[in-house]
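Here are my notes on this one, jotted down as I went through it. Have the viewer open while you read.

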Amino acid sequence: LDVFNPIDAAGVLDIMSSIANDGSILIHVKHKDGKFSSPAIIPPSGSSNGVIRACSSRWPNVTKAIKEQKRKDVDATWNSDGCDPENLGIAPLEPTVFELVYQVTALSGLWGELSRMVTITPRFLIKNESSWLDIDVKQVGAPDTSRVQMKHGEMLPFYWFDLTLPELVCARPAQSRNRFKWSGGFDMCTLGMVPLRVRRIDGSINHLSLRSIRVNVELQPGTGGSGTIVSIRDEDPNGEGSLFKIENHSPFQIFVSQDGVLANPASGLLRNDTSLSCDMVQPGERTSYALDVPWRQGKYAGRTSASVSELLLLRCALAPLSTRDGVESTKVVCFSRVGDSIRLSPTRLSSVGSYLATELLGVRVLGVIGTDGPTRTLRFILMQKEVTPTGYIGNAMRDTISPMPSFMTVESAPHNDDDDDDD
């Protein structure tokens, strides 16, 4: 048994065994005075493996009830019932949960015919593969005091701090940790790689030259597919070797954001801070792209979590997405589909005058999804389309017609099909 952090001097598991009706041996474990876990099953013959959960709380249901009452801030109900949540006896009520994996194998040599060995190890191992960056990780929603700091090149086990919180993990740089926000939560049971966006609290430029970190979840060998290893490393801010990259080869600024992140677009305007809602790609700039929300629960009951294709939807515009120009010029492209393209029209911007709008009538900013080795790339370039006489007429009529109400968009107003620049 070697399942706890070195700082936990009392990392000992108590074991209780029993015999099932089919002759299998059931082994239950517990941490300190907590509740015994679900059994590790040793079959009458052969090998086996599985997952067990050991709660630090003696009564997990009572712990959940206390947590819910504290979140609702109705502690008076406990006193009216004659029950004090701070004094429920000597039994522990810590919400920590230890997820472990066990493996039953035959001993090598002659003793293997008669004896077998049960090995219990952590289910989740987190490894920092960065060459210079120290990383903090914690459960989403848990206090910062529960974070686990990993030095570069270090690997540590990870356990859930609170059984009432979502079983998701977030990360941030350990250097100047008070200047960085926690990343979005990711699922340690979903295999594959996902990029996490790293943002500063004040929205200023990152002095560590860090925009994203990459998370790779793979199976832990020797666990029968039950355990995982989560590898975390930093990505090049210029996008070299990153999972996703954006290149702007146009003379216009490009504003991008993950689709579905903004619940209230007006919030950025009230605080006069566009960095909260989107990223800006300057002309001639190359930058890595990562997800602010790497995992999203279904909106309705019974719906599964969002797929990779839904998470990789990207909104692009020629103005900040929280402004009217940004809303009217926004197009959506999917990073998971190679060859997918969008066209952004500079004439949609209110800052463009009538004369310049006429000159730019046939100009479009073309964005195309492609590949650059292992990197999925979104390139923006200029293109010229043929302009028909009806297009000039429609553009001239915009200056004579009174401005449309704010609740109408260009797509909802009557216009000629030849002037439509949608795909």
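**Notes on rings, strands and one glycine**

1. Start with a charge on a ring: Arg200 puts its charged end over the ring of Phe180, 5.5 Å from the ring's centre. Keep in mind throughout that this is a predicted model. There is a second arrangement to look at, with Lys138 over the face of Trp182 at 5.0 Å from the ring centre.

2. On to rings against rings. The structure holds 5 aromatic pairs. Take Phe124 and Trp160: the ring centres are 5.7 Å apart and the planes sit at 65°, and with over 60 degrees counting as edge-to-face, that is how this pair is classed. It bridges distant parts of the chain, 36 residues apart, with Phe124 in strand β7 (residues 124–128) and Trp160 in the loop between β10 and β11 (169–173). Phe124 and Trp160 are both buried.

3. Now the pair of Tyr289 and Phe335, which is stacked, with 5.4 Å from centre to centre and 25° between the planes. This pair too links distant parts of the chain, 46 residues apart. Tyr289 belongs to the loop between β18 (286–288) and α4 (308–311), whereas Phe335 belongs to the loop between β20 and β21 (341–344). Buried or exposed, what is Tyr289? With a relative accessible area of 4%, Tyr289 is buried; Phe335, at 0%, is buried as well.

4. Back to Phe124 for a moment. Which residues make up its aromatic cluster? Phe124, Phe158 and Trp160 form one cluster together.

5. Next, the open sheet. It has 5 strands in the order β10-β7-β14-β13-β12, and the pairing is mixed. The edges are held by β10 (155–157) and β12 (192–197); each has a single partner strand, so one side of each is left without a neighbour in the sheet. On average, neighbouring strands here are turned by 20° against each other, direction ignored. Note that β7, the strand that carries Phe124, sits between β10 and β14 in this order.

6. Zooming in on the β12 edge: β12 pairs with strand β13 (residues 212–219) in the antiparallel sense, over 6 bridges. If you want a spot to check the register, Met193 stands opposite Asn216 in β13.

7. Gly227 deserves a look of its own. You'll find it in the loop between β13 and β14 (228–234). Gly227 is at 0% relative accessibility and so counts as buried. What does Gly227 touch, leaving aside residues up to four places away in sequence? The contacts are Val101, Arg123, Glu218, Leu219 and Gln220. Also, the C-alpha atoms of Gly227 and Thr121 are separated by 8.8 Å, with their positions 106 residues apart along the chain.

8. Last, strand β19 (residues 313–317). How many of its 5 residues are buried? The count is 4, so to speak of β19 as mostly covered is fair. Strand β16 (residues 254–258) runs antiparallel to β19 and is joined to it by 4 bridges, with Ser257 and Arg315 as bridge partners. Strand β20 (residues 331–334) is likewise antiparallel to β19, again through 4 bridges; there, Cys316 has Lys331 as its bridge partner.

Methods: Residues are numbered from 1 along each chain as its sequence is written. This is a predicted model: local features need pLDDT of at least 70, side-chain atom pairs count only at pLDDT 80 or more; totals for chains, interfaces and linings use all residues. Side-chain values use heavy atoms; hydrogens and water are left out. Two strands pair if DSSP finds at least two bridges between them. Helices (H or I, at least four residues) and strands (E, at least two) are DSSP runs, numbered from the N terminus. Axes are lines fitted to C-alpha atoms, for helices over the stretch in contact, and angles run from 0 to 180 degrees between N-to-C directions. Buried means under 20% relative accessible area, exposed over 50%, partly exposed in between (1.4 Å probe, protein chains only). Contact means heavy atoms within 4.5 Å. Rings of Phe, Tyr and Trp (its six-membered ring) pair if their centres lie within 6.5 Å; planes under 30 degrees apart count as stacked, over 60 as edge-to-face and the rest as tilted. A charge sits over a ring if NZ of Lys or CZ of Arg is within 6 Å of the ring centre and within 35 degrees of the ring normal.
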